[in-house]
Amino acid sequence: MTNPLLQAHVLPPFSAIEAAHVEPAINQIIEDSRSHLKDLLAGLNTPSWETLVAPLEEQGDKLDQAWSPISHLNAVRNDEELRKAYNASIALLTEYGTEISQNENLFKAYQSLATSDDYKNLSQSQKQAVDNALRDFRLGGVALSDENKKRYAEIQQRLSELSNQFSNHVLDSTQAWFKHFESADALAGLPESALAQAAQAAQKKSLSGYVITLDFPSYYAVIMYAENRALREEIYTANVTRASSNSQKTNADLQTEFTAEFDNTEIIAETLALRHELAQLLGFSNYAERSLATKMAQSPQQVLDFLEALAKKSKPYAKRDYAELKEFSASRGCEDLQAWDTTYYSEKLRVEKYSISQEELRPYFPAEKVISGMFAVVNRLFGIQVKQIADFDTYHPDVRFFQIYKNDEHVASFYLDLFAREHKRGGAWMADARVRRKTPRGLQLPVAFLTCNFTPPVGDTPSLLTHDEVTTLFHEFGHGIHHMLTQIDVAAVSGINGVAWDAVELPSQFMENWCWEPEAIPLISGHYQTGEPLPQLLLDKMLAAKNFQSGLQMLRQIEFSLFDFRLHAEYNAQHPHTAQEVLQQVRDQVAVVQPPAFNRFENSFSHIFAGGYAAGYYSYKWAEVLSADAFSRFEEEGIFNSTTGESFLREILQQGGSKTPMELFTNFRGREPNIDALLRHSGIVVEEVV
Ligand SMILES: [Zn+2]
């Protein structure tokens with residue numbers, strides 16, 4: 001056996017993994033799992049935890065251990081070979097997944113366990129795992145006729161292909177466009193850090209001068225700072241037409257040309273049709289209902305009411321924000337404010353109103369200081385220590401590795417991959433590499449992958465983060481500690497496993513709060529040349545500017561959420577609306593600013609077409625009610641109150657998916673959640689007349 005993916009490991013043997021190992025390994029493990037299941041069911045008299053669930057968990061973990069590094073590499077070191085191997089394996093995995101969830105004998109074994117006396121003696125986590133499994137069998141089509149089972153399997157297979165294609169198109173179209181400049185004159189207005197970045201990007205392409213790209217740090221610097229309005233329009237257009245029929249790419253002569261090769265429009269239409277059909281096969285009226293079957297929200301109407309109520313409360317604020325911006329830009333000579341001007345003038349307005357800019361803060365947030373400060377914050381809150389480990393097997397020199405200790409005991413580990421680079425998907429996320437669970441050999445400790453796309457170091461200057469990036473890091477680390485600090489040792493409900501999707505953003509959004517606290521700022525900031533923490537004056541300005549344009553931001557998130565939810569809830573198989581039409585209806589309903597007609601934002605909306613957020617994007621706002629309300633207990637009792645921290649650790653972080661989110665929240669807060677804290681944190685006061 002020379003395939004590293006087939007050998008037992010504690011940490012993935014990244015340096016030994018090649019694309020050629022992927023498909024044979026997955027094939028092999030699936031074959032083994034099939035015969036394992038067959039033998040298990042054949043020899044099973046009375047299904048119990050020990051005879052049924054434990055051995056399945058053990059076998060399932062082998063698959064997870066092989067798959068998690070592959071899936072991670074596909075996201076952070078994507079190349080043609082790996083992509084092919086990944087695609088082939090995804091098809092195998094989808095087929096196998098459907099086969100398991102439709103296995104009637106296995107379903108009956110779980111049912112018999114659930115109705116046995118044995119069930120009553122199971123732990124809360126074990127019971128929850130069995131209940132979830134029964135739910136998932138039904139959602140996986142176990143009760144369908146043979147013909148419908150077959151159709152269900154076809155749909156699943158096709159949906160997984162579509163999701164993968166969608167994601168690849170977004171990555172490819174993001175990387176296909178760049179613009180080259182011989183001199184910095186055309187980039188006037190860009191801060192030094194962005195120029196240095198652009199020079200580095202040019203070198204990587206063996207060009208002189210400067211190169212700007214659609215990687216977020218590069219795009220954002222241009223859209224925010226470039227004085228050249230035509231250039232802003234150009235990059236804006238390239239960005240919002242990614243993966244559309246008007247996608248742009250830069251050819252060998254460095255000229256821009258249009259291409260439809262990355263177009264996601266048909267993929268979206270087919271995805272929506274198949275999701276709807278799948279939901280109806282299972283007896284739901286639409287995919288939104290199907291989505292809620294595993295979530296905290298009770299009904300589509302409840303979600304729509306929630307979003308519409310939030311929209312109503314925030315719309316006056318958004319209107320006020322936009323009117324202010326229009327007036328300001330007009331006073332600066334821009335009478336016809338366009339989509340490619342809003343970020344630019346917003347930043348100028350922020351500077352004028354609060355005399356603070358994102359760039360001014362950056363030198364105070366070197367990545368090193370922020371990371372060590374973040375570890376100090378969780379140390380004070382939850383009593384954990386984080387230690388960097390120098391010697392580990394990696395897939396890129398940027399990656400770092402850490403271990404978490406509690407009471408001097410090693411409890412978890414994680415990889416941190418911070419910087420944007422080629423062949424790496426954009427955005428920031430946490431993924432589980434290994435789950436905490438009890439094994440016949442002892443306790444398996446959780447491992448996480450934390451991935452961001454921050455501004456890399458340039459030359460001798462270390463990576464300096466914007467405050468937005470600092471917040472993103474805290475967010476992902478919040479997901480990380482949810483996964484890693486769990487005390488649950490049943491894999492199905494350990495860490496983030498089995499957590500209702502609309503509650504999973506609780507710990508992540510919760511952690512963001514510490515990026516704004518005067519008591520926490522000295523821990524996470526320190527000028528990269530002098531070490532001086534963020535001065536009080538800058539902090540005061542930063543806090544004053546915290547809710548700058550919060551009405552517009554809130555409304556934007558609600559627009560995305562409503563778009564996603566209505567797209568799935570109102571789907572009509574006879575007369576399907578295009579995604580573009582539904583988006584327009586939602587904008588007519590809630591937006592205060594209409595983007596240009598060529599905007600195809602939805603074509604790169606990976607969250608809902610290639611991530612887990614289909615009919616679930618509302619989860620961010622939903623969970624923000626929980627996270628803001630949870631944080632309000634710290635506001636009452638002290639933001640570094642270790643008793644309150646210990647309580648959050650015990651009632652929420654350690655519990656994983658072992659209980660419903662409402663039970664966990666109520667245990668921590670002493671009451672059910674309400675929306676007041678979220679509105680207050682966003683500067684939205686319900687009674688005020690605007
Ligand atoms: Zn998140």
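This report describes the zinc site and a selection of salt bridges in a predicted model.

Residues are numbered from 1 along each chain as its sequence is written, and local features need pLDDT of at least 70, side-chain atom pairs count only at pLDDT 80 or more, while totals for chains, interfaces and linings use all residues. Side-chain values use heavy atoms, with hydrogens and water left out.

**The zinc site**

The protein donors of the zinc ion are His475 (NE2), His479 (NE2) and, listed twice, Glu505 (OE), and they lie 2.1 to 2.8 Å from the ion; donors here are N, O and S atoms within 2.8 Å of the metal (3.2 Å for Na, K and Ca), and sites may look incomplete because water is not among the atoms. Along the chain these donors follow the spacing H-x3-H-x25-E. Histidine 479 belongs to helix α17 (residues 467-484), whereas glutamate 505 sits in the loop between α17 and α18 (506-512), so that this pair, 26 residues apart, links distant parts of the chain; helices (H or I, at least four residues) and strands (E, at least two) are DSSP runs, numbered from the N terminus.

The angles among the four donor atoms run from 51 to 139°, and the site is irregular. Four donors count as tetrahedral if all angles lie between 85 and 135 degrees, four count as square planar and six as octahedral if opposite donors are over 155 degrees apart and all others between 65 and 115, and anything else is irregular.

Histidine 479 is buried at a relative accessible area of 9%, and glutamate 505 is buried at 1%, where buried means under 20% relative accessible area, exposed over 50%, and partly exposed in between (1.4 Å probe, protein chains only).

**Salt bridges**

The model holds 40 salt bridges, each being a side-chain nitrogen of Lys or Arg within 4 Å of a carboxyl oxygen of Asp or Glu. Three of them are listed here by their N to O distance.

| Acidic residue | Basic residue | N to O distance |
|---|---|---|
| Aspartate 172 | Arginine 83 | 2.9 Å |
| Aspartate 398 | Arginine 421 | 3.9 Å |
| Glutamate 570 | Arginine 566 | 3.0 Å |

Aspartate 172 and arginine 83 form a salt bridge that links distant parts of the chain, from helix α7 (residues 146-176) to helix α3 (residues 80-101), 89 residues apart. Aspartate 172 is partly exposed at 25%, while arginine 83 is buried at 11%.

For the glutamate 570 bridge, glutamate 570 is partly exposed at 41% and arginine 566 is buried at 13%. Elsewhere, Glu57, Glu58, Asp61, Arg437 and Arg441 are linked in a network of salt bridges.
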